[in-house]
Amino acid sequence: DTGVALIISFRREEYDDLENTSLPEFSDKFDYIIYNPAANPLTDITNGRCSALCNKISSLFFTPFPYTLFVDTDTRFCWDPTEIFEFMYRNPKDLYAALDTRDLVDLSDRPYHVNTGVLAFQRSSGAAQLLSRVLTVFIQGNQVSDQLYFQVAIRDGLKSDVPWSYGVLPHNFHYLRCLELENCMVKGPIVLFHGRIWSHMNTTFCAMVNAQLDKTRAVFVNSTTGLYYTTLAENNE
């Protein structure tokens with residue numbers, strides 16, 4: 001069975017006390033509404049530095065699901081995302097994230113360089129320890145984004161014996177543009193796009209990028225003109 005949850009980065013009592021606040025009008029589309037009881041303690045521990053980024057990570061501890069796909073709100077689905085759970089059953093890891101290819105040329109050089117807008121994880125002690133390590137890095141340091149302190153936590157973990165496992169999401173699942181064409185090629189359905197750069201997509205975009213699933217292809221974006229297009233590789237099998 002699967003379900004959909006909306007995460008709100010407040011404790012329930014705080015949310016109810018805020019003036020002029022109400023659940024989003026689309027909240028009835030969700031099976032669960034999750035509030036974050038860790039928001040206040042973390043704000044106190046970090047002397048107010050635990051912003052939305054910190055609350056985002058701490059909210060993940062309260063998932064009601066044994067397997068969770070977390071996405072930021074600026075995510076566009078183009079295919080059924082539940083296939084990721086079958087992938088996780090076949091390839092068990094505590095947590096999966098997408099390799100952030102947007103400013104990397106040699107992808108093998110930094111396997112910890114992740115994009116945290118989309119995370120797939122188990123409700124396991126290993127995932128809890130990894131997320132705890134991410135929060136510790138944030139509390140001890142002064143990183144400017146959750147991506148940076150996630151990267152530090154994973155980088156340090158890969159260099160030592162840790163009680164958690166980490167894997168990279170398939171590129172066609174969370175599609176990110178690349179500096180090098182060969183790193184952008186995908187075959188099969190592109191499941192989702194995340195990030196503000198895709199915010200101008202029109203209603204035909206998903207149909208266009210997934211029109212030829214048997215072809216190896218890459219998707220490019222011109223952020224100035226808002227034009228999106230697919231280029232097919234010359235040597236398709």
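This is a dialogue on reading helix packing, aromatic pairs and salt bridges in a predicted model.

Colleague: Which residues of helix α4 are buried?

Modeller: In helix α4, which spans residues 83-90, the buried residues are Ile84, Phe85, Phe87 and Met88. Viewed down the axis of α4, these buried residues fall within an arc of 155°, so they line one face of the helix.

Colleague: And what covers the buried residues of α4?

Modeller: The cover includes three strands, namely β3 (67-71), β5 (95-99) and β6 (114-122).

Colleague: Let us turn to the aromatic rings; how many aromatic pairs does a search of the whole structure find?

Modeller: The search finds five aromatic pairs. One of them joins Phe87 and Tyr96, whose ring centres are 5.2 Å apart and whose planes stand at 65° to each other, an arrangement that is edge-to-face because planes over 60 degrees apart are counted in that way. Phe87 is buried, with a relative accessible area of 18%, and Tyr96 is buried too, at 3%. Elsewhere, Tyr175, Phe193 and Phe205 form one aromatic cluster.

Colleague: I would also like to understand the charged side chains; how many salt bridges are there?

Modeller: The count comes to four salt bridges, where the rule asks for a side-chain nitrogen of Lys or Arg within 4 Å of a carboxyl oxygen of Asp or Glu. In one of them the side chains of Lys56 and Asp72 meet, with 3.2 Å from N to O. This pair links distant parts of the chain, since Lys56 belongs to helix α3 (residues 52-59) and Asp72 to the loop between β3 and β4 (75-77), 16 residues apart.

Colleague: Is Lys56 buried or exposed?

Modeller: Lys56 has a relative accessible area of 11%, so this residue is classed as buried.

Colleague: Returning to helix α4, which residue forms a salt bridge with Glu86?

Modeller: The partner is Arg90, and the closest N and O atoms of the two residues are 3.8 Å apart. Both residues lie in helix α4, four residues apart, which is about one turn of the helix. Glu86 is partly exposed, with a relative accessible area of 41%, whereas Arg90 is exposed, at 54%.

Colleague: Which residues are joined into one network by salt bridges that share partners?

Modeller: It is helpful to begin with Asp156 and Arg155, whose side chains meet in a salt bridge of 3.1 Å, N to O. Asp156 is partly exposed, with a relative accessible area of 27%, and Arg155 is likewise partly exposed, at 28%. Through shared partners, salt bridges join Arg133, Arg155 and Asp156 into one network.

Conventions:
Residues are numbered from 1 along each chain as its sequence is written. This is a predicted model: local features need pLDDT of at least 70, side-chain atom pairs count only at pLDDT 80 or more; totals for chains, interfaces and linings use all residues. Side-chain values use heavy atoms; hydrogens and water are left out. Buried means under 20% relative accessible area, exposed over 50%, partly exposed in between (1.4 Å probe, protein chains only). Helices (H or I, at least four residues) and strands (E, at least two) are DSSP runs, numbered from the N terminus. The arc is that of the directions from the helix axis to the C-beta atoms. Contact means heavy atoms within 4.5 Å. Rings of Phe, Tyr and Trp (its six-membered ring) pair if their centres lie within 6.5 Å; planes under 30 degrees apart count as stacked, over 60 as edge-to-face and the rest as tilted.
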